[in-house]
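Biologist: Hi! I'm new to this one, so could you walk me through it?
Modeller: Happy to, here it is.

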Amino acid sequence: MLVSPYSLGCTVTSQLVSATSITELEGLNAKDKIVFLYGEITKEQLMPKNFVFYNPEEHQRIVNLLENSGAQALICATGRNASLAGGIYPFPLIEDGDFDIPSVYMTEEEGTKLIPFIGKQVTLESISERISGKGYNVIGRKGNGKSERIVISAHIDAKKGTPGAIDNATGVIVLLLLAKLLKDYNGSNQIEIVAFNGEDYYAVPGQMNYVRANQDKFGNILLNINIDGAGYKEGKSAFSFFDLTENMQKKAYKVLELCTGIAEGEQWPQGDHSIFIQNGRPAIAVSSKWFIDNINRQDITHTPKDNIGIVNCTKLVEIAEAIASLIKKL
Ligand SMILES: [Zn+2]
């Protein structure tokens, strides 16, 4: 059994009750009990309750029911959920420092062994402590502060338990390459390079800081280019386009035509480019085509497999040169 990240610890002896669906949870008397969640209800990792960028109604409903249930602790049996939790198995159903019911998680197989204990008195001891921290972004700017901004971003943090090579050291390398490639940029836009601190931490503190600081300033952002998951050794790099103007799109295709290792990718929402799209700005998400195509089944990100051995550094140079070339055309 594993402690859910950011969870409070507990020592509880009480009756074990269970729910496998929202309907069962709604009908459950969980007051002062230990709730065992498995099956259908644990198929997706629940978004943190205060997470503003993506939060399905179903997740909010489950979190709400649990918080109002009076449960003393939660035991969750989970499978795989690559699109939201990355490649890990089992995944923590709850990964939320604002959620105060102590929780632990285990594999589906281990969960099966717990089923005979439903209705019985059980003891759960979970040793865990919550330590608060702060997130800061690193931001570099070049050019006239009064002109429109091109924001190039990549998250600098990685999930605990992974080296974070593809997610997202390679993104940071592209930022550094661009800082060099654009050092003599004298075009009409302002270049803003942002290393976001918090994409893989539940409260996304850096992203929230950025949104707060830019509340009235999103309007002057011409384009966001966000790099996340780039440089995988298999397949091509992928540029996915979101709400580009016709003119911008044309210029982007012109650049891609000259890059044999880069193709247009499908749109995907699980990254910091969504911050800009939600605030009405165009964006380009830069990643690896293999990851976008396998977003629902890959078992690499957020695991020890995400190490330097799966990175092709040549692709990072091609990506940085393509972005620099596009920026000079805008
Ligand atoms: Zn990432």
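Biologist: What spacing do the donors of the zinc ion follow along the chain?
Modeller: The spacing is H-x11-D-x60-D. Donors here are N, O and S atoms within 2.8 Å of the metal (3.2 Å for Na, K and Ca), and water is not among the atoms, so sites may look incomplete. Bear in mind that this is a predicted model, where local features need pLDDT of at least 70 and side-chain atom pairs count only at pLDDT 80 or more, while totals for chains, interfaces and linings use all residues. Residues are numbered from 1 along each chain as its sequence is written, and side-chain values use heavy atoms, leaving out hydrogens and water.

Biologist: Which protein atoms are the donors of the zinc ion?
Modeller: They are His-155 (NE2), Asp-167 (OD), and Asp-228 (OD) listed twice, lying 1.9 to 2.6 Å from the zinc ion. His-155 lies in strand β8 (residues 149-155) and Asp-167 in helix α5 (residues 165-181), so this pair ties together parts that are 12 residues apart in sequence. Helices (H or I, at least four residues) and strands (E, at least two) are DSSP runs, numbered from the N terminus.

Biologist: And what is the site of the zinc ion like, going by the angles among its donor atoms?
Modeller: Irregular, with angles of 52 to 146° among the 4 donor atoms. Four donors count as tetrahedral if all angles lie between 85 and 135 degrees; four count as square planar and six as octahedral if opposite donors are over 155 degrees apart and all others between 65 and 115; anything else is irregular.

Biologist: Is His-155 buried or exposed?
Modeller: His-155 counts as buried, at 1% relative accessibility. Asp-167 counts as buried too, at 7%. Buried means under 20% relative accessible area, exposed over 50%, and partly exposed in between (1.4 Å probe, protein chains only).

Biologist: Let's stay with α5. How many residues does α5 have?
Modeller: α5 has 17 residues and reaches 22 Å from its first C-alpha to its last, close to the 24 Å expected at 1.5 Å a residue. That expected span is 1.5 Å times one less than the number of residues. Its buried residues include Ile-166, Val-174 and Leu-178.

Biologist: What covers the buried residues of α5?
Modeller: The cover includes β8, β9 (190-196), β10, α9 (289-293) and α10 (313-329). Contact means heavy atoms within 4.5 Å.

Biologist: New topic: what order do the strands have in the open sheet of 7?
Modeller: The order is β7-β9-β8-β10-β13-β11-β12, with mixed pairing. Two strands pair if DSSP finds at least two bridges between them. β7 (138-142) and β12 (262-264) stand at the edges, each with a single partner strand, so one side of each has no neighbour in the sheet.

Biologist: Where in that order is β10, and how do β8 and β10 run?
Modeller: β10 comes between β8 and β13 in the order. β8 and β10 run parallel, joined by 5 bridges. Another 4 bridges join β10 to strand β13 (residues 283-288), again parallel. In strand β10 (residues 221-227), 7 of 7 residues are buried.

Biologist: What about the sheet of 6 strands: which strands stand at the edges?
Modeller: The order there is β1-β5-β4-β3-β2-β6, with mixed pairing. β1 (2-3) and β6 (121-126) stand at the edges. Strand β2 (residues 10-19) pairs with β6 in the antiparallel sense over 6 bridges, and Ser-14 stands opposite Val-122 in β6.
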